[in-house]
Amino acid sequence: VLTARRTDGIIYLNEKGYIAEPTLYGGLSRSVFAAPQNHFAPDSFYKSIAFVEGNSVNMMTGLPSLQLLIGLPTRTQLRFRFWTLPLKPVSVNYFMLGINQNIDKPLGLFEDTTMSLAAGFAYNSLSRSPGLEISTFAAGLHFSKHWGQFAATLGAQYEGFSGNFKAIRTNFNADDKVNNPYPEIRNSSDLAFDIESFTSYRFGGGISYKFGFAEFYGSAYYASQPILAAGLTFWIYEQAEKMPPEPEPVPVAPEEPKPVPIIVNEMNIPAEPNVPEVSVKIDEPVAKKLSASVEAFSVENGVEKPLLTINMEQNISRHVSPLLPMIFFEDGQAEVPAKYSKITADSAEKYIAGDVSQGNALDVYYEIMNIIGRRMLQYKDADLTLTGTNSGSGSEKNNTQLSAERANNIKLYLMSVWGIEANRIKVIARDLPQKASNTKDPDGIEENRRVEITSDMWEIVAPSIILDTARMILPANILFKQTAEAEAGLKDWKLYVVSNTQKVLEKIGTGDITPKIDWQVQEDEVIKRMIKNNLQFNISVSDQEGKTYLSEVHSLPVKLRTIERETAARGDTITNIYDLILFDYNKSTLSSDNQKIIDMIKKELPQNAIIKVTGFTDRMGKEDYNQKLSLSRAKSAAGALGKPGAETIGSGESLLLYNNDLPEGRFYSRTVIVEVKIPVR
């Protein structure tokens, strides 16, 4: 609203209303001066001036602007924007430098992967020489969260705005001497003043929603210049994230030992498993000496003794294992993978009466569709919900039809094989799971391709009973002593240990040999399962001239003794092992289902029980973070058991309980193992 203005040499006084003037982005523009009608106080503090960015611009429908974005692996984005335009008789220059840095991932602030927090800084400069110099800076925080195709943002920043304006007077009008409200104009002097904003803070937020190839967004921010914005973004092409190559299959040891040659340093060396020693040497074609040897020792009470025999106790245990209520799918596929057990309708009638299986938790897991089917027949009042999801990336992004097909294929199996009525099975399709795994990690992307199984009756997804084997090896630690002599200089060395042709330990080094290697075999559950027969070991060394020497192959007999868990009380203690609790991705809190499992353990705990709780994680994430997460899981379980003083250990990802190349293996690795020793003497 104007009270005075001068246009085309004519002064208009006491005027109210608005004047439409072009902006920087179009047409001819004239400067507009405005001030209160106050001739008695012409230097009034309230005087003001309005000017248009496109002053004296008599061309252009828009200005070109180039923007350069650079993304770094440190979750950093750099922005550069600039343009220079010659405008007679002056030129306009503009540039911007900005940096955005994600801070929640490096600091581990959010367990929810759908939330993000970033810090940003920007600097802008606009100049029209001569006459206008403006610079701004801003620093703030930006928070965002998404729910599938919907996202919301919040932001706050501190900003500074400064500049100066100067108008050089080239002519004057006699009327200005009397009527103009500005003393600079009445005195025929240049007009100059500083520019600043009335506030240094900006805050607000926005929302967006993606449908098909279009995305709607809207935002509102309060600042010196409040901003309301809305628009559409059209996605013409999206690059799918490149997946890593499929890992090589993990070798599986044969159930029974077979007299086949062991593999030593990628060379076949004939040796019967039960032969104590086999001498293998390479004749040296040159005079320079190259030799090596390795021996195995046990350590008892600080005293090293030559190791001649390994004793292994194999305890048959009957324990409860959580049932992972998820089925995972291949990329872009809706067919249930072949690894899941499928039977015929005739076979369903002969299916085992109880969920008792030989093997470990993964062996039982692959029977999940049949276990669920049999339980649905047993509990006639139970209903089932199958929630199909997708990875949210590549060809699966926004493909809820694929999610629905995955869930419907499982529903069809339960109906056709187990005879479950259709109205007892509800199907839901969505994009990412409600508790999604890390969408930036290939492992997490694979885990999100799944169908989740839930029921209104806990018995449908309750834990299963497993007959498993727990192994104890004595000595718990094996000490390897190595020596090597290389006149030409040692280049590298390798210690190799096998059991029934399967590698159980490999240590590699460069330069000088490591004199002692301490192998804590009792702490490695995976290795203990692989030891089926005698251990055989040797060392190879290479010198700087490229020659290799293989030491003697030593054999350590393994004496195996099997003990039924129920008869283990003949010793000083009874030991029970529980691997019961599964945690959500990146969580250490116990769910309601886990609490029911804890209650089951507490009923079996006597007052004098000695408890050790060991926490584990999968391989995703940083090693030091996983170490802390595993310890937090152990403490959470100990506290829930009412034993906060129990020994708690965080194993992190140093020991992976199951095959982490599989999504189900990673889920089952997010657990704790509770070891309970009950003194009986």
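A residue counts as buried when its relative accessible area is under 20%. That term recurs in the legends below, which describe a predicted model.

**Figure 1. Phe480 and Phe537 form an aromatic pair between two buried residues.** Both Phe480 and Phe537 are buried. Their rings meet edge-to-face, with 5.2 Å from centre to centre and 65° between the planes. Phe480 belongs to strand β27 (residues 478-486) and Phe537 to strand β31 (residues 535-543), so this pair ties together parts that are 57 residues apart in sequence.

**Figure 2. The chain as a whole.** The chain contains 12 helices and 38 strands. It has 681 residues, and 42% of them count as buried. Among contacts in the chain with a separation of 6 or more, 68% come from residues 24 or more positions apart.

**Figure 3. Tyr158 and Tyr201 form an edge-to-face pair.** The structure holds 12 aromatic pairs. In the one formed by Tyr158 and Tyr201, the ring centres are 5.4 Å apart and the planes are at 70° to each other. Tyr158 is in strand β10 (residues 150-167) and Tyr201 is in strand β12 (residues 201-211), so the pair ties together parts that are 43 residues apart in sequence. Tyr158 counts as partly exposed because its relative accessibility is 40%. Tyr201 has a relative accessible area of 52%, so Tyr201 is exposed.

**Figure 4. An aromatic cluster of five tyrosines: Tyr340, Tyr365, Tyr366, Tyr658 and Tyr668.** These residues form one cluster. Two of them, Tyr340 and Tyr365, also appear among the residues with the most contacts inside the largest nonpolar core. The side chain of Tyr366 makes a polar contact with the side chain of Glu664.

**Figure 5. Glu664 is a buried residue of helix α12.** The helix spans residues 663-669. Glu664 counts as buried because its relative accessibility is 0%. The polar contact between the side chains of Glu664 and Tyr366 is 2.6 Å. Leaving aside neighbours within four places in sequence, Glu664 is in contact with Leu324, Phe328, Lys339, Tyr340, Leu362, Tyr365 and Tyr366. Three of these contact partners, Tyr340, Tyr365 and Tyr366, are also members of the tyrosine cluster.

**Figure 6. The largest nonpolar core has 42 residues.** Those with the most contacts inside it are Ile327, Tyr340, Tyr365, Ile372, Leu384 and Ile410. Two or more residues each come from β21 (326-328), α5 (361-365), α6 (368-378), β23 (384-388), α7 (400-418), β25 (450-455) and α12. The largest share, six residues, is that of α7. Another core, of 30 residues, lies apart from this one and includes Ala292, Trp493, Leu535 and Tyr549.

**Figure 7. Surroundings of Ile372, a residue of the largest nonpolar core.** Residues up to four places away in sequence are not counted here. With those set aside, Ile372 touches Leu323, Leu384, Ile453, Ile460 and Val461. Among these, Leu384 is, like Ile372, one of the residues with the most contacts inside the core.

**Figure 8. Positively charged side chains over aromatic rings: Lys481 with Phe297 and Arg670 with Phe667.** Lys481 lies over the face of Phe297, at 4.8 Å from the centre of the ring. In the other case, the charged end of Arg670 sits over the ring of Phe667, and the distance to the ring centre is 4.4 Å.

**Figure 9. Strands β28 and β29 form a hairpin.** Strand β28 (residues 490-499) and strand β29 (residues 502-510) run antiparallel and are joined by eight bridges. Tyr496 has Glu506 in β29 as its bridge partner. Two residues lie between the strands, and Asn500 in the turn has a positive phi of about 55°.

**Figure 10. Arg75 and Asn398 have positive phi values.** For Arg75, a residue other than glycine, phi is near 60°. Arg75 is in the loop between β5 (66-72) and β6 (76-87). With a relative accessible area of 38%, Arg75 is partly exposed. Asn398, again a residue other than glycine, has a phi near 60°. The loop that holds Asn398 runs between β23 and α7. Asn398 counts as partly exposed because its relative accessibility is 31%.

Note on methods: Residues are numbered from 1 along each chain as its sequence is written. This is a predicted model: local features need pLDDT of at least 70, side-chain atom pairs count only at pLDDT 80 or more; totals for chains, interfaces and linings use all residues. Side-chain values use heavy atoms; hydrogens and water are left out. Rings of Phe, Tyr and Trp (its six-membered ring) pair if their centres lie within 6.5 Å; planes under 30 degrees apart count as stacked, over 60 as edge-to-face and the rest as tilted. Helices (H or I, at least four residues) and strands (E, at least two) are DSSP runs, numbered from the N terminus. Buried means under 20% relative accessible area, exposed over 50%, partly exposed in between (1.4 Å probe, protein chains only). A charge sits over a ring if NZ of Lys or CZ of Arg is within 6 Å of the ring centre and within 35 degrees of the ring normal. A polar contact is a pair of N or O atoms within 3.5 Å; within protein, one must be able to donate a hydrogen and the other to accept it, and residues adjacent in sequence count only if both atoms are side-chain atoms. Contact means heavy atoms within 4.5 Å. A nonpolar core is a set of buried Ala, Val, Leu, Ile, Met, Phe, Trp, Tyr and Cys residues joined through side-chain atoms within 4.5 Å. Two strands pair if DSSP finds at least two bridges between them.
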